[in-house]
Amino acid sequence: MNGYLNESNFLMVEEGFTTRDLLENLLGELCPESDQQAFFVADLGDIVKKHLRFLKALPRVKPYFPVKCNGSEGVIRLLAELGAGFACANKAEITRVQGIGVPADRIFYSSPCKQVAHIRYAATHGVRLMAFDNEVELSKVARSHPRARMLLGITADSIPPAHPSMTFGTTLKSCRHLLETAKELAVEVVGISFHLGGRGLEPQAVAQAMAAAQLVFDMGTELGHHMHLLDIGGGFPGTEDTRASLEEIAAGINSALDLYFPEGSGVDIVARPGRYYVTSAFTLAVSVTALEEIPMEQPGSDGGCDTSTCHL
């Protein structure tokens, strides 16, 4: 144990005791006359199983959990204990993660658009790994955090988004200019970042993204940057009712890594699985304040209403 967890952070239950059992016990203890607020129950054991499954499926990939996905202290403490890194989007998330003792070298300031004050905060608190995808961001970092280690975010999706202005990541044709600008500003670029979450981690999309990343790696190396880190983003499914399982997705990722960034290439791989870790672990309990009954139409009927009812 690394000291991130203690017994006050969670409730231990006997083997075979389910989340439903715990909910029924908790609900039975609540006073019926009290103002019952909605609450979550988290199965931290499920998160542990997900973590071990991820490491087995993607042995070369280190997970960085996006704090914006779920900032619950129990989740952060558990993942810190398991050795995961953390992707933080702002000063508040960096503060939360460092507040439980996570060292700065396990934090990735992943937002490509950052406030200058937040960049300075990261600098004074030792957080060096950051993302960018535009020239303005480079200028801010050059002035406020000269020791930063930057990942250039690229768009790996050839399908035009519905709202282009809301898409992060630069195009391949802009990469050389940004890498040259970084060199001129003495900003250290150490790798590439992409995210396929909206498109899905299908083998063809993954291979396309890896090929693009390799091209930009070569550009950076040619310009004198020490390129050694690849962030493959998130998008991993959090439940089993998906078209592809984690293992099937991992097979495509591992195949593309072997082709474009094989072992021995000197490139470290990270990812940002968020919903993968927490979706199935959390159960919401709510108090039902109203109930409506509506008639159900029986199959084969003439459209009239049956006496059966459906509860909403």
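In which sense, right-handed or left-handed, does H8 pass H9? Hold that thought. I'll come back to these helices shortly.

Good morning. A word of caution to begin with: this is a predicted model. Let's start with the whole chain. The protein chain has 312 residues, and 41% of them count as buried. Its secondary structure comes to ten helices and twelve strands. Now look at the contacts whose separation is 6 or more. Of these, 62% join residues 24 or more positions apart.

Next, the barrel. Eight strands close into it. Go round in order and you read S2-S3-S4-S5-S6-S7-S8-S9, with parallel pairing. From one strand to the next, the twist averages 30°. As background, strands of a sheet pair through backbone hydrogen bonds, either parallel or antiparallel.

Let's take a few of those pairings one at a time. Start at S2. Five of the six residues in S2 are buried, so this strand is mostly covered. On one side, S2 runs parallel to S9, and three bridges join the two. Find Pro63 there: it stands opposite Ala271 in S9. S2 also pairs with strand S3, residues 85-88, again over three bridges and in the parallel sense. Here Phe65 stands opposite Phe86 in S3.

Now move round to strand S7, residues 188-193, and strand S8, residues 229-231. They run parallel, joined by three bridges. Ile192 has Leu230 in S8 as its bridge partner. On the sheet we also find helix H2, residues 44-57, which touches strand S2 (61-66) and strand S9 (268-271). The direction of H2 makes about 145° with that of S2.

Stay with H2 for one residue. His51 is found in this helix. Is His51 buried or exposed? It counts as buried, because its relative accessibility is 2%, and the cut-off for buried is under 20%. What does His51 touch, leaving aside its neighbours within four places in sequence? Its contacts are Pro63, Leu82, Ala84 and Tyr277. Pro63 should sound familiar: we met it opposite Ala271.

On to helix H3, residues 73-82. It is mostly covered, with seven of its ten residues buried. Those buried residues are Val75, Ile76, Arg77, Leu78, Leu79, Ala80 and Glu81. Note that the list includes Arg77 and Glu81. What do they pack against? The buried residues of H3 pack against H2, S2, S3, helix H4 (91-99), helix H10 (275-278) and strand S10 (282-285). Just after H3 comes Gly83, with a positive phi of about 95°.

Now for the helix pairs. Two packed helices are described by the angle between their axes and the distance between the axes. I have three pairs to show.

Pair one is helix H5, residues 116-124, with helix H6, residues 135-144. Their axes come within 10 Å and cross at roughly 45°. That angle makes H5 oblique to H6. The crossing is right-handed. From H5, the contact uses Val116, Ile119, Arg120 and Ala123; from H6, it uses Glu137, Lys140, Val141 and Ser144. By class, that gives four nonpolar, one polar and three charged residues.

Pair two is helix H7, residues 172-184, with helix H8, residues 203-222. They pack at about 25°, and their axes are 10 Å apart. H7 and H8 are therefore roughly parallel. H7 passes H8 in a right-handed crossing. In the contact, Leu172, Cys175, Arg176 and Leu179 of H7 meet Ala212, Val216, Met219, Gly220 and Glu222 of H8. The classes here are six nonpolar, one polar and two charged.

Pair three brings us back to the opening. H8 packs with helix H9, residues 246-260, at an angle of about 30°, and the axes are 9 Å apart. So H8 and H9 are roughly parallel too. And the answer I promised: H8 passes H9 in a right-handed crossing. H8 contributes Val206, Ala207, Met210, Ala211 and Gln214 to the contact. H9 contributes Gly252, Ile253, Ala256, Leu257 and Tyr260. The split by class is eight nonpolar, two polar and no charged.

To recap: look for the barrel of eight strands with parallel pairing. Then look for H2 packed on the sheet, with His51 buried. Thank you.

Methods: Residues numbered from 1 in each chain as written. Predicted model: local features only at pLDDT ≥ 70, side-chain atom pairs only at ≥ 80, totals over all residues. Heavy atoms only, no water. Axes fitted to C-alpha atoms, helices over the stretch in contact; angles between N-to-C directions. Helix = DSSP H or I, 4+ residues; strand = E, 2+ residues; numbered from the N terminus. Parallel < 35°, antiparallel > 145°, perpendicular 65-115°, else oblique. Left-handed = near helix turned anticlockwise from the far one by under 90°. Contact = heavy atoms within 4.5 Å. Nonpolar A, V, L, I, M, F, W, Y, C, P; charged D, E, K, R; others polar. Pairing = 2+ DSSP bridges. Buried < 20%, exposed > 50% of the residue type's maximum accessible area, 1.4 Å probe, protein only.
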